[in-house]
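Colleague: Hey, I'm new to this one. Could you walk me through it?

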Amino acid sequence: MALKMVKGSIDRMFDKNLQDLVRGIRNHKEDEAKYISQCIDEIKQELKQDNIAVKANAVCKLTYLQMLGYDISWAAFNIIEVMSASKFTFKRIGYLAASQCFHEGTDVIMLTTNQIRKDLSSPNQYDTGVALTGLSCFVTPDLARDLANDIMTLMSHTKPYIRKKAVLIMYKVFLKYPESLRPAFPRLKEKLEDPDPGVQSAAVNVICELARRNPKNYLSLAPLFFKLMTSSTNNWVLIKIIKLFGALTPLEPRLGKKLIEPLTNLIHSTSAMSLLYECVNTVIAVLISLSSGMPNHSASIQLCVQKLRILIEDSDQNLKYLGLLAMSKILKTHPKSVQSHKDLILQCLDDKDESIRLRALDLLYGMVSKKNLMEIVKKLMIHVDKAEGTTYRDELLTKIIDICSQSNYQYITNFEWYISILVELTRLEGTRHGHLIAAQMLDVAIRVKAIRKFAVSQMAMLLDNAHLIASNTQRNGICEVLYAAAWICGEFSEHLEEANQTLEAMLRPKVTTLPGHIQAVYVQNMVKLYASILQQKEQSGEKEAAQEITQLMIERLPQFVQSADLEVQERASCILQLIKYIQKLQIKEVPVAEEVIALFAGELNPVAPKAQKKVPVPEGLDLDAWINEPPSDSESEDEKPKTIFHDEEQRHSRHRQPEIDEEELARRREARKQEQANNPFYIKSSPSPQKRYQDTPGVEHIPVVQIDLSVPLKVPGMPMSDQYVKLEEERRHKQKLEKDKKKKKQKKEKRGKHHRHNSLHTESEEDIAPAHHVDIITEEMPENALPSDEDDKDPNDPYKALDIDLDKPLADSEKLPVQRHRNVENLKSPDSEAPLVEKKSKKPKKKEKKHKEKEREKGKKKEKKVVEEEDEKKGEDLDFWLSTAPPPASTTQPQSEPEVGAAVVAEPQEVKKEEREERDEEEEDEGKKSSKHKKKKHKKEKEEKSKDKKKSKKKSHHSEEETTESVQNGTLDDEPLPPMSSYRLLAENPYIKMTYDIQGNLQNDSQVTVSVIFENKSTSFLKSMELNVLDSLNTKMLRPEGSSVHDGIPVPFQLPPGISNEAQFVFTLQSIVMAQKLKGTLSFIVKNDEGSTHEKLDFKLHFSCASYLITTPCYSDAFAKLLESGDLHMSSIKVDGISISFQHLLAKICFHHHFSVVERVDSCASMYSRSIQGHHVCLLVKKGENSVSIDGKCNDSTLLSNLLDEMKETLSKC
Amino acid sequence: MIKAILIFNNHGKPRLSKFYQRYSEDTQQQIIRETFHLVSKRDENVCNFLEGGLLIGGSDNKLIYRHYATLYFVFCVDSSESELGILDLIQVFVETLDKCFENVCELDLIFHVDKVHNILAEMVMGGMVLETNMNEIVTQIDAQNKLEKSEYMNVFTGIFCISSLYTQAGLAGAPARAVSAVKNMNLPEIPRNINIGDISIKVPNLPSFK
């Protein structure tokens, strides 16, 4: 056997390890894939072996192959095997592999829950650490739900190494399981003031990440962060906090005012560029939030801009880049202060660094004016020509279009110039943005009426030179402009001078090589063109010419009829038939032009991009409802029709009750009509009646900029935008001269009046008159358009789920699910601290409660009120904090802590209450059954209602419930149970009070956890607490590795006055049959105004036998079998003078001695419990008059007698 | 949040890839390739930031990279991270590697990618910065290595026992092989039979972030 094992490890020596694999791959450069597939086969063999070392080695190699792009998900199960290895070395390999390849879709991931839980509670901090690291990469909603509570516990671990990891991973848990946020938040907040800087930084990190998505919920933390900001010296933490403030200020302008000063100080004092930069950034954010009505901050703006200029001028490209980035933020609100640095920014356009050029481009966007637009665009056009690499050129192209089209072409004075720029841009090769240019051409041609003639002539030229554009490649995005060209020429054909020529150009055989959707537009617009030519010819009486053109159409159209594209084919064949019919009529010499042109009568108006979406869904219309029976699943989904210009916007339909009546139908018809009216591709008989558009005036009512054209501009031949720049300059010059002349005349007449005016005029912007009669048609919007833009939000945003109000007191249903087999005691451990806080605020939900219950409820309400008050106070505090001068740092402290402290103190009672409540409930249920089912039905309904809520509770209190279920068998007992606490006093002096509780650790048969609550009774600050215990042979305190038995364990927190907090210490023991006592000392430093003193407090830690027991439910049949088995020792006791009720008695035993009731008959009950080392303990409790007798059975007689002694002591106190 | 951390050499060969978001293996490779193309064509003296754009979700993300000798260290981060901070983090990472491997070079990363992962895990967890103090990181790494070594030692003693067992059982030759295997395993560094000249990463002394 041993030999076999040994042989396994020797075999292992000859397997390939990771290094061999890497070397092998390097040596097989030619046939790498083949070699790797060989290796994978070997790995598969290795994974089949029993030896965990071999498996780990194989998994390690797989991780490497994963990096090379090989899917290793098939080995997921083996990875889990390696994860569960006992050795850290292998475990780490397993977790690494898992973190690289596990994800939510990995099905075996659910098998890991228990393994991870075990690792999380491992005594070895690196096991825990490795599990946390791994989990952070592959946590799923299920894992998050199941492990949230365990991770919460780890947040108060004694070792900072674990604490910081646990704190960080909480963010991932929140993301996957948003319900955990509220219960966990108080503790997270607490960690902001953790003594360890790493933990603090982690907490800041998590809260910043949370606050970035939903800042308003974290506004109340502002004072705390402010304090951290002024006290912390860690730049990482500072940066995070400052970034966080940047997100918070838009919500609370007062906060911004408060921040300006310390931030300015930081800007002046810090030497770290990163910090300086973030400060500037946040100051900018503050200024943006204050932008209205705060003129006296110009100094801050100047400071920022100055600092940024220094950054931009720096030789370090990184700083330059960031300077530009921040500058663009200022630009939005304070464009004036940035515009003065135009020189610098234009200089950056010539930088060799693309990232910097792109940033500079962004800035340009905000710097253009009517005056400098042409100049800037000219500069950009030069860059376009020079640019290497299509991405940058595409970026330039989009920027040019953005700059020119911004705010409704506000800065364009000459649209002929703009059209020629667009036409020039079409000469770019290999750009992806053909459709952008096309959209602009269409937009301008449609909306600027005056430019149509010019646009049409340019487009005709484009169509004529289509071969240049389309020839390069079919896939060339630029051919999209032909779409626009064809449409413009067709739609506005009345402006076309050489219509015949254009028509011929459109009928060229080459056209058939264009993409289908462009051909379709060609075909459609050919007819428009044809119609207008026909009209022209008929009017001038050239019948032959008209027939000729018809003949041409008939000859050329068939090439489109043969098109593979359905749309083209359909349109072409339809039109071909139409024209054949026209030809017939023409031969009969019937005038047809009027009728043909009628086909295309009416104007097409632009529709606002969101118009469709803004049409309110009429009441009663359910867009999701099937009109017909839904089709069977087998039907394949239709391919989505390819949209040409815009992606179809997702429609978020709302569910409404479908109620249809006459009125509704009429309304729908109206809506449909309107939709048609708004559809540019829907040909309607007449322009839609204007009165429908209440919000936006129609074409005729558009405010038109009336400018008299001084010089008609026309550049012959192919336009060059540069010529326009010159012409424009001349024009402006002329305009100026003319105006000056006028002014002079006026001046002569009325001197004094216009004197001041004149000096302003020369440079002012408004002076530059557009060269065209520009009437920009606003886009149409439907009637009752919804004004909000809310629909822009993505409903699938994962961070939305975390938008949770954190100040609200916790509700009952929110507690974290606790591991199933944990018991009542667990609830009192600090890990459930948060769930306990929530109980305070529990809403009264069970109306069927009896009076006494109600009374207690009242008490609870009181507590709730307290919480609310506290909350209010908090809100007030924030206001107070914001409204006054910087408060002393200490004022923020009590804000966060009292609550926590209160929670800890109130905790044990709360638990009991909870427990009792449930018990009463159950009993009531039982009682109802026996008492003639009177209200049963009624109550059941209610029960049902609260079931959902209760479910989670039941799950978490499984064992508890078990207890109560058993108890219910007995007689009904209404008497309330007195509050019980399992925390016993450990030691006390004027400074500090310690209470403790001991719990067994189910996962480890030789460990118990001691939870100690430290309460600061003094008015001083307690710090550097260290707890040390004199180990006995049997019982030892678990200390960090490397420390000697004489070292104490530091308590991971400090205590401000009046605050209590809880720490946990783990002890290992060998034998558990006897109670133990350990001597120990707590040393701490008391710090107050007078100075600090070192104090000590001795204590005796009493490990009772009951603390080794774990409440374990047991069914009566199993219990009976156990008793029958006969390997149990027996012993019994009798206690006299018992006055309390039997139920109380049982509850006491359950609570203090960790038993559960198996069965109860009248005044007799059987109980069961199990020790951490697996001893069964069975009890039979009988109550006589004023006395109780307990018979016990257990595997170990010593344990039993000790237990019974303890019990006797407890009961004798009753 | 850090979305991904990539290390590849001047030829685009991945030396480490850590994604904090789920991508299929194919996508991962594509991202590495595209990132390499973006980064590699940039000059030495341009800024270290790149708008990732299309690569890893959304325009919110940036690529922040440093180039050391033969290796590119690329971090893909979103707007919640400080750009200069991440640059410093990369520096800390490389310096830590340098300490843990003693004059780190590309070969160390090639043959010990698992160790690099372990070091990284002490700095960044689930996409969030865990620790930036190099001494703290090195301490934790050393402690873990020690733990690992102690576990190995147990195996060794086992094997030596066994080799004597083998001798007793008359399996000639086996002990020698076992011992050589053990030796091989015991060697902390791999034989550098592939000579690629001097490719050790020089860690420049940059203004520290502290």
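Modeller: Sure, starting with a term: buried means under 20% relative accessible area, exposed over 50%, and partly exposed in between (1.4 Å probe, protein chains only). This is a predicted model, where local features need pLDDT of at least 70, side-chain atom pairs count only at pLDDT 80 or more, and totals for chains, interfaces and linings use all residues. Residues are numbered from 1 along each chain as its sequence is written, chains are lettered from A and ligands numbered from 1 in the order in which they are written, and side-chain values use heavy atoms, with hydrogens and water left out.

Colleague: OK, is B:Cys47 buried or exposed?

Modeller: B:Cys47 is buried, at a relative accessible area of 0%. A:Cys574, on the other hand, is exposed, with 51%.

Colleague: And how many disulfides are there over all chains?

Modeller: Zero. A pair of cysteine sulfur atoms has to lie within 2.5 Å to count as one.

Colleague: Switching to chain B, what is its secondary structure?

Modeller: Chain B has six helices and seven strands; these are DSSP runs, numbered from the N terminus, with helices being H or I of at least four residues and strands E of at least two. The order from the N terminus is β-β-α-β-β-β-α-α-α-β-β-α-α. Of its 210 residues, 57% count as buried.

Colleague: Where is B:Gln28 found, and what is it in contact with?

Modeller: B:Gln28 is in helix 1 (residues 25–40) of chain B. It counts as buried, because its relative accessibility is 4%. Setting aside neighbours within four places in sequence, B:Gln28 is in contact with A:Gln66, B:Phe19 and B:Tyr23, where contact means heavy atoms within 4.5 Å.

Colleague: A:Gln66 belongs to the other chain, so tell me about chain A and chain B. How many residues are in contact?

Modeller: 69 residues of chain A are in contact with 76 residues of chain B. The area buried between them is about 6900 Å², and carbon and sulfur atoms give 58% of that. Buried area is the accessible area (1.4 Å probe) that two parts lose on being put together, summed over both. In chain A, A:Met67, A:Arg92 and A:Trp236 lose the most area to chain B, together 11% of what that side buries.

Colleague: How many salt bridges between chain A and chain B?

Modeller: Eight, counting a side-chain nitrogen of Lys or Arg within 4 Å of a carboxyl oxygen of Asp or Glu. One of the salt bridges joins the side chains of A:Lys240 and B:Glu81 (3.4 Å, N to O).
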